[in-house]
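The following exercises practise the reading of a protein structure. Each task is followed by a worked solution.

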Amino acid sequence: MALLDQLNTDMKVAMKAKDKFKLSVIRMLKAAVQNAEINKGSALSEDEEIELLARELKQRKESEAEFRQADHVELADNAVAEIAIIEEYLPAQLSEAELDEGVKQVIDEVGATSMKDFGKVMQTAVAKFKGQADGNAIQTVAKKYLG
């Protein structure tokens with residue numbers, strides 16, 4: 001099912017359940033998808049949908065960190081709740097062990113031996129684990145093995 005169709009279905013469910021918070025997050029995601037489709041001039045591919053959701057997720061995570069740093073607990077908690085809702089639409093996230101193993105495989109695939117090959121490893125790993133792992137997590141694991 002396309003992301004927009006799923007968002008419309010979930011929006012109806014949230015309306016019936018009178019879940020205003022979830023409804024507002026779904027509407028925000030729907031607007032982001034529609035804007036991206038308008039800018040592109042056609043429907044988004046599955047990869048583009050995942051990329052859009054990952055971008056929205058990253059924004060919320062950054063906001064949460066900033067709110068916590070500024071001691072705005074309520075706003076940070078809202079960001080965490082938004083993150084949970086956005087993650088429902090993303091593919092399952094890789095565990096640390098799965099990511100570790102996956103990055104090791106990528107390093108072997110590209111024949112990386114040192115930090116000189118870091119760019120090749122990151123390019124391949126980010127593409128391979130799109131939507132399943134955060135770029136920062138991939139970077140940390142890659143540095144662990146190449147550093």
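Throughout, a contact means heavy atoms within 4.5 Å. The model is predicted: local features need pLDDT of at least 70 and side-chain atom pairs count only at pLDDT 80 or more, while totals for chains, interfaces and linings use all residues. Residues are numbered from 1 along each chain as its sequence is written, and side-chain values use heavy atoms, with hydrogens and water left out.

**Exercise 1.** Determine where aspartate 117 lies, whether it is buried or exposed, and which residues it touches.

*Solution.* Step 1: Helices (H or I, at least four residues) and strands (E, at least two) are DSSP runs, numbered from the N terminus. Aspartate 117 is found in the loop between helix H5 (96-110) and helix H6 (118-128).
Step 2: Buried means under 20% relative accessible area, exposed over 50%, and partly exposed in between (1.4 Å probe, protein chains only). Aspartate 117 has a relative accessible area of 13%, so it is buried.
Step 3: Leaving aside residues up to four places away in sequence, aspartate 117 touches Gly111, Ala112 and Leu146.

**Exercise 2.** Compare the expected span of helix H3 with the distance between its end C-alpha atoms, and state what its buried residues pack against.

*Solution.* Step 1: The expected span of a helix is 1.5 Å times one less than its number of residues. Helix H3 (residues 46-69) has 24 residues, so it should span 34 Å.
Step 2: The end C-alpha atoms of H3 are 35 Å apart, which agrees.
Step 3: The buried residues of H3 are Glu49, Ile50, Leu52, Leu53, Glu56, Leu57 and Arg60. They pack against helix H1 (3-17), helix H2 (20-40) and helix H4 (73-87).

**Exercise 3.** Which residue just after H3 takes a positive phi, and is it buried or exposed?

*Solution.* Step 1: Most residues other than glycine have a negative phi.
Step 2: Aspartate 71, just after H3, takes a positive phi of about 65°. This residue lies in the loop between H3 and H4.
Step 3: The relative accessible area of aspartate 71 is 62%, so it is exposed.

**Exercise 4.** Describe lysine 18 by its place, its phi and its accessibility.

*Solution.* Step 1: Lysine 18 is placed in the loop between H1 and H2.
Step 2: Its phi is near 55°, a positive value in a residue other than glycine.
Step 3: The relative accessibility of lysine 18 is 70%, and therefore it counts as exposed.
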